[in-house]
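Here is a short tour for anyone who likes to check contacts by eye. Please keep the viewer open as you read.

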Amino acid sequence: METGTSSTLQKGELMIIRTFDAPREEVFRSFTECDRMKCWWGPRDYSAPSCTMDVREGGRYLNSMRSSDGHEYWSTGVFREIHAPDRLVMTDCFADENGNVVPASHYGMEGDWPLEMLLTVTLEEQDGKTRLTLRHSGLDKISDADREDMQQGWSESLDKLEGCLSRH
């Protein structure tokens, strides 16, 4: 159960802080195990039909999310740091279904999106709960509207994560 959320939109970065009523290890596993990630990956009304992960520093991941109208969006990246159950750092790129990095325009998105962004997830234990800090950086050139859309998408995904954690 969520006990607190805050988010910050600033040039170059999106940061969301949220507290979950779940052990830190469970939240960490939700980011590093495909069966768990498929439960929550993507905004409301999206599913996550595909996930592969090689969870080690230098390992790659490839995930998809599918909108309610059937459009699939793929993302890929490389795990740069893994400190279980405290911290994950990974690159984040738009991709095709084969894991090739593609520009955001591949999905009809306008604007100056970078080919590679950085995602940092920090988990802190607080009285049996977990305080998650998510930083999505490398967003220097995207518009404020695109950053707001990202914030909404992450917030909806984390809402879904909350529900998945309560079921485990």
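The report below covers strand pairing and then salt bridges in this predicted model.

## Two hairpins in a row

Let us begin with strand S4 (residues 60-66) and strand S5 (residues 72-83), which pair in the antiparallel sense through 7 bridges. Within this pairing, Leu62 sits opposite Thr76 of S5. The hairpin of S4 and S5 has 5 residues between the strands, and Gly70 takes a positive phi near 95° there.

S5 also pairs with strand S6 (residues 87-95): these two run antiparallel and are joined by 7 bridges. To find the register in your viewer, look for Glu81, whose bridge partner in S6 is Val89. S5 and S6 form a hairpin too, with 3 residues between them. As you step along a strand, keep in mind that in a regular strand the side chains alternate between the two faces of the sheet.

## Salt bridges between distant segments

Searching the whole structure gives 15 salt bridges. One of them connects Arg135 and Glu13, with the closest N and O atoms 3.0 Å apart. This pair links distant parts of the chain, since Arg135 belongs to strand S8 (residues 129-139) and Glu13 to strand S2 (residues 12-20), 122 residues apart. Arg135 has 34% relative accessibility and counts as partly exposed, whereas Glu13 is buried at 15% relative accessible area.

Another salt bridge brings us back to the second hairpin: Arg24 pairs with Asp86, and their closest N and O atoms are 2.4 Å apart. Because Arg24 lies in helix H1 (residues 24-32) and Asp86 in the loop between S5 and S6, the contact ties together parts 62 residues apart in sequence. Arg24 is buried, with a relative accessible area of 17%, while Asp86 is partly exposed at 31%.

## A helix contact and a network

Which parts does the salt bridge between Arg44 and Glu156 tie together? The side chains of Arg44 and Glu156 meet at 2.9 Å, N to O. Arg44 is in the loop between helix H2 (34-40) and strand S3 (51-53), and Glu156 is in helix H3 (residues 144-167), so the pair ties together parts that are 112 residues apart in sequence. Glu156 is buried, because its relative accessible area is 11% and buried means under 20%.

Finally, have a look at Glu26, Arg29, Glu33 and Arg36, which are joined into one network by salt bridges that share partners.

Note on methods. Residues are numbered from 1 along each chain as its sequence is written. This is a predicted model: local features need pLDDT of at least 70, side-chain atom pairs count only at pLDDT 80 or more; totals for chains, interfaces and linings use all residues. Side-chain values use heavy atoms; hydrogens and water are left out. Two strands pair if DSSP finds at least two bridges between them. Helices (H or I, at least four residues) and strands (E, at least two) are DSSP runs, numbered from the N terminus. A salt bridge is a side-chain nitrogen of Lys or Arg within 4 Å of a carboxyl oxygen of Asp or Glu. Buried means under 20% relative accessible area, exposed over 50%, partly exposed in between (1.4 Å probe, protein chains only).
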